[in-house]
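Trainee: Please choose one part of this model and take me through it closely, beginning with the overall setting and then following the part outwards into its surroundings. I would like the cut-offs stated along the way.

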Amino acid sequence: MTALTKVSENQAFGGFHTQYKHQSVVNNCEMTFAIYLPPVVYNSQASAEVPVLYWLSGLTCNDQNFMQKAGALKAAADLGIAIVCPDTSPRGDGVPDDPEAAYDFGLGAGFYVNATESPWSEHYNMYDYIVKELVDLIEAQFPVSNKKAISGHSMGGHGALTIGLKHPDLFSSISAFAPIANPVNCPWGEKALANYLGQDKAEWRQYDASYLLSQYANHAPILVDQGSADDFLEEQLKPEALVKSAQLSNSEFTLNMRSGYDHSYFFISSFIDKHLAFHAEHFSD
């Protein structure tokens, strides 16, 4: 069993937010994640196993951005949902970074893919880290059930959509805030996918939510929120590609365009309760 080292712990709304680090096999480095366990875990006379929402954060973020800024813990406490937030990339000595230290590639920008190109492939395997390592670790070491949902923001929204679409066996629902919806056709995605995966764009499509949505008919319900005042809307995010794919595949897909909202955690905190309620509904299906 993977050894966990507790980094910090704070009580919130009757539950506990705890940060851990551990040695990751797939990323070949030390990784950090945070977990919020709701009060039912601690208050129940019998052992309580709760469903889990996995949250994937965006560029430049780590495991703490969502936990501290999204305002999600009260709703999670009330609904009896655990939240797990991994870091957004491998880190540490020997983990390569963008040679120009740009924010949109390398450390803090793992893009939730399994890299195939050197030097990235030794450490940048965030897709397998989420699907094959973190989920198993959480279910082995914490009082959680096998009911899971996945969500995320921006780069993390891209990760949540692509992982959720390809794993209906794992996740009962999928949601995203301002996701990078069509990374094969935007600057952020083109840079990351070319470096991590090489020049074969057919390989890129396996991490493109708009392409996958057109291919996978039997996927979990999807909820997406997008702000109309988002500075990245037209060049980077392209939600219209998701809408087109959902129409072609007759998917269970909802896009809410939120007038006046931007790309920030002010936007996320305004609607996160609705996303938690959406996932709670599908946990009970």
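**Helix H5 and its surroundings**

Mentor: Among contacts (heavy atoms within 4.5 Å) in the protein between residues at least 6 apart in sequence, 71% join residues at least 24 apart. This is a predicted model, in which local features need pLDDT of at least 70 and side-chain atom pairs count only at pLDDT 80 or more, whereas totals for chains, interfaces and linings use all residues. Residues are numbered from 1 along each chain as its sequence is written, and side-chain values use heavy atoms, with hydrogens and water left out.

The protein has 11 helices and nine strands, where helices (H or I, at least four residues) and strands (E, at least two) are DSSP runs numbered from the N terminus. Its radius of gyration, 18 Å, is close to the 19 Å that the globule rule gives for 285 residues, so the protein is as compact as a globular protein of that length; the radius is taken over C-alpha atoms, and the rule is 2.2 Å times the number of residues to the power 0.38. Along the principal axes, the C-alpha atoms fill a box of roughly 55 × 45 × 35 Å. Of the 285 residues, 60% are buried, a term that means under 20% relative accessible area, with exposed meaning over 50% and partly exposed in between (1.4 Å probe, protein chains only).

The part I would choose is helix H5, residues 155-166, whose 12 residues should span 16 Å at 1.5 Å a residue, in agreement with the 17 Å between its end C-alpha atoms; the expected span is 1.5 Å times one less than the number of residues. Because 12 of the 12 residues of H5 are buried, the helix is largely enclosed by the rest of the structure. The buried residues of H5 include the glycines Gly-156, Gly-157, Gly-159 and Gly-164, and also His-158, Thr-162 and Lys-166.

Leu-165, which lies in helix H5, shows what surrounds this part of the chain. At a relative accessible area of 1%, Leu-165 is buried, and, leaving aside neighbours within four places in sequence, its contacts are Ile-174, Ala-209, Leu-212, Leu-213, Tyr-216, His-219 and Ile-222. The C-alpha atoms of Leu-165 and Ala-220 are 7.0 Å apart, although 55 residues separate the two along the chain.

One of those contacts, Ile-174, leads to strand S7 (residues 174-177), which is covered on both faces: Ile-174 and Ala-176 are buried on one side, and Ser-175 and Phe-177 on the other. In a regular strand the side chains alternate between the two faces of the sheet. S7 runs parallel to strand S6 (residues 144-153), and four bridges join them; strands count as paired if DSSP finds at least two bridges between them. Gly-152 stands opposite Ala-176 of S7.

For the wider packing, the largest nonpolar core has 93 residues, and those with the most contacts inside it are Phe-33, Phe-66, Ile-138 and Tyr-196. Helix H4 (residues 126-141) supplies the largest share of this core, nine residues. Such a core is a set of buried Ala, Val, Leu, Ile, Met, Phe, Trp, Tyr and Cys residues joined through side-chain atoms within 4.5 Å. Tyr-196 is also one of the buried residues of helix H6 (residues 187-197), and the buried residues of H6 pack against helix H7 (201-204) and helix H9 (233-237). After H6 comes Gly-198, with a positive phi near 95°.

Phe-33 and Phe-66 also appear among the contacts of Cys-85, together with Ala-34, Trp-55, Asp-63 and Met-67, when neighbours within four places in sequence are left aside. Cys-85 is found in strand S5 (residues 82-86) and, at 0% relative accessibility, counts as buried.

The structure holds zero disulfides, a disulfide being a pair of cysteine sulfur atoms within 2.5 Å. The sulfur of Cys-61 is 10 Å from that of Cys-85, its closest cysteine sulfur, and this is too far for a bond. Cys-186 is likewise in no disulfide, with its nearest cysteine sulfur, that of Cys-61, 17 Å away. Cys-61 counts as buried at 8% relative accessibility, and Cys-186 at 1%.
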